[in-house]
Amino acid sequence: MSAATWWVLVALCVVTTALTRGVGPAATADRELPPAAVRVVVLLSSALLAALVVTSALADGTDLRIGADTAGVAVAGLLLWRRAHVLVAVVAAAAVTAGLRALGVG
Amino acid sequence: MGAAVGAAALVSSRFLPMGFALGPSLRGNRLRRALEGQATVDASWAMAARGDGRYDREYLFGHSGIQYVLWVLGTVVGVFVPALDTRALGLDAVFPAFFLAILVAEVRDRLRLGVAVAGAAAALALVPVAPPGLPVLVAGAAALIGLRVPR
């Protein structure tokens, strides 16, 4: 692809990502959401975050695979469950992942 | 090119429902709200939630602002220090671990736990058959149980 084509691609991606973030707020304006919608909103982050966790820890494109990062995130989960600080859990996840890879696992 | 733009749109498609959730907590006319909505990033959006359906607008801007600066700095470092092997450093585990931390703080009752498990299961089931981004968007539909269950 030529440089111009790349820039058109970048511009189109900017437009689409701006639209996905802007359409909702523009549509709701200052209207309050109905109570049922508020209940959905309150639950939305649990569903999306859980999906982001499993897809980033277990998926590689369209392949499901268990790797060193899966183990790292599992250790973070264990630490969080034992009420460890967020930073401790995140650093442990990276350290375990890096350690396993250094050992040639995953 | 259409396929590439479509793929990019799918990956950011989760920001669509997030925007509808956030909308009423922003300020100004529709255009201004659409501009303010550009500060929507996963972590800041989730952590700006006050738990009653409203969002802390200033917190969202502050969190996203700091994240943006660090994100750009990280990209610059990656470009100028190509020897840096992010996989060897285990940095790809940082995002899921961080999202997990927010999720653990978020799941305070059985309903939220059920929604999280359902969302994770739906996403995993779709990964092998759907293009990246779609599994997360569909997982968001697990929150629709809120339409039926009174809080």
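Helices (H or I, at least four residues) and strands (E, at least two) are DSSP runs, numbered from the N terminus. The model is predicted: local features need pLDDT of at least 70, side-chain atom pairs count only at pLDDT 80 or more, and totals for chains, interfaces and linings use all residues. Residues are numbered from 1 along each chain as its sequence is written, with chains lettered from A and ligands numbered from 1 in the order in which they are written.

**Exercise 1.** Work out how much of residues 80-103 of chain A is helix.

*Solution.* Start with the record: an unreviewed UniProt entry lists residues 36-59 and 80-103 of chain A as "transmembrane region". UniProt positions follow the numbering used here, feature names are shortened, and annotations may be inferred rather than shown by experiment. Next, take residues 80-103: 79% helix, 0% strand, end C-alpha atoms 25 Å apart. Then take residues 36-59: 96% helix, 4% strand, end C-alpha atoms 33 Å apart.

**Exercise 2.** Find where Arg83(A) sits, and decide whether Arg83(A) is buried or exposed.

*Solution.* Locate Arg83(A): the loop between H3 and helix H4 (86-102) of chain A. Check phi: about 65°, positive, although Arg83(A) is not a glycine. Most residues other than glycine have a negative phi. Count neighbours: 7 other C-beta atoms lie within 10 Å, so Arg83(A) is exposed. The cut-offs, with C-beta atoms placed from the backbone, are 20 or more for buried, 12 or fewer for exposed, and partly exposed in between.

**Exercise 3.** Do the same for Ala29(A).

*Solution.* Ala29(A) lies in the loop between helix H1 (3-28) and helix H2 (35-58) of chain A. Its phi is positive, near 50°. With 15 other C-beta atoms within 10 Å, Ala29(A) is partly exposed.
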